[in-house]
Amino acid sequence: MILDVSTSTPLQNYKILSNTITPRPIAWISSVFPNGLVNLAPFSFFAPLCVNPPIFSVCMMQKSDGSQKDSFKNILQTRKASISMCELSHLQALQDSSAELAYNVSEANAFDIPLEVLETSYPPVPQGIKVAFLCDLYDVLELGEAKSVLLEARFFYIADSIYAKDLNFLPHFVGRVGRIYKSLGAQIMLPNKDETKPKKD
Ligand SMILES: Cc1cc2nc3c(=O)[nH]c(=O)nc-3n(C[C@H](O)[C@H](O)[C@H](O)COP(=O)(O)O)c2cc1C
């Protein structure tokens with residue numbers, strides 16, 4: 001089957017990309033509303049774009065009413081975002097935080113997701129996160145209806161429990177969660193027992 005992109009619908013494009021480019025790690029993005037509350041939302045159209053400087057791209061589509069997503073508005077306004085890499089223990093909270101709530105209403109408050117501050121000038125992240133990237137807005141690419149937000153990491157956070165001086169810490173703790181893993185997560189995500197032991201310095 002050959003599908004011609006010039007005739008496919010946005011939904012078909014989305015389904016084909018999201019079902020074929022997989023697994024994709026999820027960027028769990030914190031941003032701050034004008035009222036100071038914290039917005040949380042997951043984004044899977046997320047990729048590292050450049051190593052030096054470390055820049056990520058996140059494709060933010062529109063809300064169901066055609067307006068811009070809260071994350072996008074906040075990031076444009078504050079120029080800050082924290083990207084957390086999620087693990088299985090956060091899966092339900094991650095899924096909950098994808099709810100489309102009114103502007104200035106925090107998913108963290110609505111779903112009782114505890115937060116922690118890693119660095120005072122960046123949005124707080126969900127408590128217990130092991131890896132996060134504290135980012136400044138670098139640029140926004142206007143690609144059709146969607147916006148690809150480019151975020152430059154200014155700080156890397158790696159929890160002491162996985163940190164190793166040689167930086168060969170184990171990525172099995174992070175990422176690898178997404179829509180499809182909601183039901184399959186336990187089967188897909190369980191690493192080998194040996195791989196779950198934090199690496200010594
Ligand atoms: C696992 C998962 C991945 C998602 N990936 C994206 C994505 O890449 N781009 C996007 O625009 N929305 C994505 N969504 C939907 C947003 O999380 C959702 O629209 C959310 O309400 C946006 O929140 P905000 O308006 O607070 O920014 C995803 C949802 C889930 C559950």
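Visitor: Hi! In what order do the elements of the protein chain run from the N terminus on?

Guide: Hello! Starting at the N terminus, the order is α-β-β-β-β-α-β-α-α-β-β-β-β-α. Keep in mind that this is a predicted model.

Visitor: How many helices and strands is that?

Guide: The protein chain has five helices and nine strands.

Visitor: And how many of the strands form the open sheet?

Guide: Seven strands form it, in the order 2-1-5-8-9-4-3, and their pairing is antiparallel. Strand 2 and strand 3 (46-50) are at the edges with a single partner strand each, so one side of each has no neighbour in the sheet. On average, neighbouring strands are turned by 35 degrees against each other, ignoring direction.

Visitor: What holds strands of a sheet together, in general?

Guide: Strands of a sheet pair through backbone hydrogen bonds, and the pairing can be parallel or antiparallel.

Visitor: Let's zoom in on strand 1. Is it enclosed or open?

Guide: Strand 1 is largely enclosed by the rest of the structure, because six of its six residues are buried. Ala27, Ile29 and Ser31 point one way from the strand, while Trp28, Ser30 and Val32 point the other way.

Visitor: How many bridges join strand 1 to strand 2, and how many to strand 5?

Guide: Six bridges join strand 1 to strand 2, and four join strand 1 to strand 5. Both pairs run antiparallel. You can pick out Ala27 with its bridge partner Phe43 in strand 2, and Ile29 standing opposite Ile83 in strand 5.

Visitor: What lies between strand 1 and strand 2 in their hairpin?

Guide: Five residues separate the two strands of that hairpin. Gly36, in the turn, has a positive phi of about 90 degrees.

Visitor: You mentioned Ile83. What stands opposite it in strand 8?

Guide: That would be Phe133. Strand 5 and strand 8 run antiparallel and are joined by six bridges.

Visitor: New topic: which residues touch the most other members of the largest nonpolar core?

Guide: Ala27, Ile29, Phe43, Val58, Ile83 and Ala132 do, in a core of 35 residues. Elements giving two or more residues to this core include strand 1 (27-32), strand 2, helix 2 and strand 5 (80-85). Strand 8 provides the largest share, five residues.

Visitor: Why would nonpolar residues gather like that?

Guide: In soluble globular proteins, nonpolar side chains tend to be buried together.

Visitor: What is Val58 in contact with, leaving aside its neighbours within four places in sequence?

Guide: Val58 is in contact with Ala27, Ile29, Phe43, Phe45, Phe46, Val149 and Leu151.

Visitor: Where does helix 2 lie?

Guide: Helix 2 lies across strand 1, strand 2, strand 4, strand 5, strand 8 and strand 9, at about 55 degrees to strand 1. Its buried residues are Asp70, Ser71, Phe72, Asn74 and Ile75, and they pack against those six strands. Just after helix 2 comes Arg79, with a positive phi near 65 degrees.

Visitor: There's a ligand too. Which residues are closest to it?

Guide: The closest are Ala41, Phe45, Lys69, Asp70 and Ser71, out of 19 residues that surround the ligand. The shell divides into eight nonpolar, six polar and five charged residues.

Visitor: Which element supplies the largest share of that shell?

Guide: Strand 2 does, with four residues. Strand 2 (38-43), strand 4 (55-60) and helix 2 (70-78) each supply at least two.

Visitor: Last one: where is there a cis peptide bond?

Guide: Look at Asn52 and Pro53, which are joined by a cis peptide bond with omega about 5 degrees. Pro53 is in the loop between strand 3 and strand 4. For background, most peptide bonds are trans, and most residues other than glycine have a negative phi.

Visitor: So what about Asn104 and its phi?

Guide: Asn104 is not a glycine, yet its phi is positive, about 75 degrees. You'll find Asn104 in the loop between helix 3 and helix 4 (107-110).

Visitor: And where does Leu167 lie?

Guide: Leu167 is in the loop between strand 9 and helix 5 (181-189). Its phi is positive as well, near 65 degrees. Leu167 counts as exposed, with 9 C-beta neighbours inside 10 Å.

Notes
Residues are numbered from 1 along each chain as its sequence is written. This is a predicted model: local features need pLDDT of at least 70, side-chain atom pairs count only at pLDDT 80 or more; totals for chains, interfaces and linings use all residues. A residue is near a molecule or strand if its C-beta atom, placed from the backbone, lies within 6 Å of it. Ala, Val, Leu, Ile, Met, Phe, Trp, Tyr, Cys and Pro count as nonpolar, Asp, Glu, Lys and Arg as charged, and the others, Gly among them, as polar. A nonpolar core is a set of buried Ala, Val, Leu, Ile, Met, Phe, Trp, Tyr and Cys residues joined through C-beta atoms within 7 Å. A residue is buried if 20 or more other C-beta atoms lie within 10 Å of its own, exposed if 12 or fewer, and partly exposed in between; C-beta atoms are placed from the backbone. Two residues are in contact if their C-beta atoms, placed from the backbone, lie within 7 Å. Two strands pair if DSSP finds at least two bridges between them. Axes are lines fitted to C-alpha atoms, for helices over the stretch in contact, and angles run from 0 to 180 degrees between N-to-C directions.
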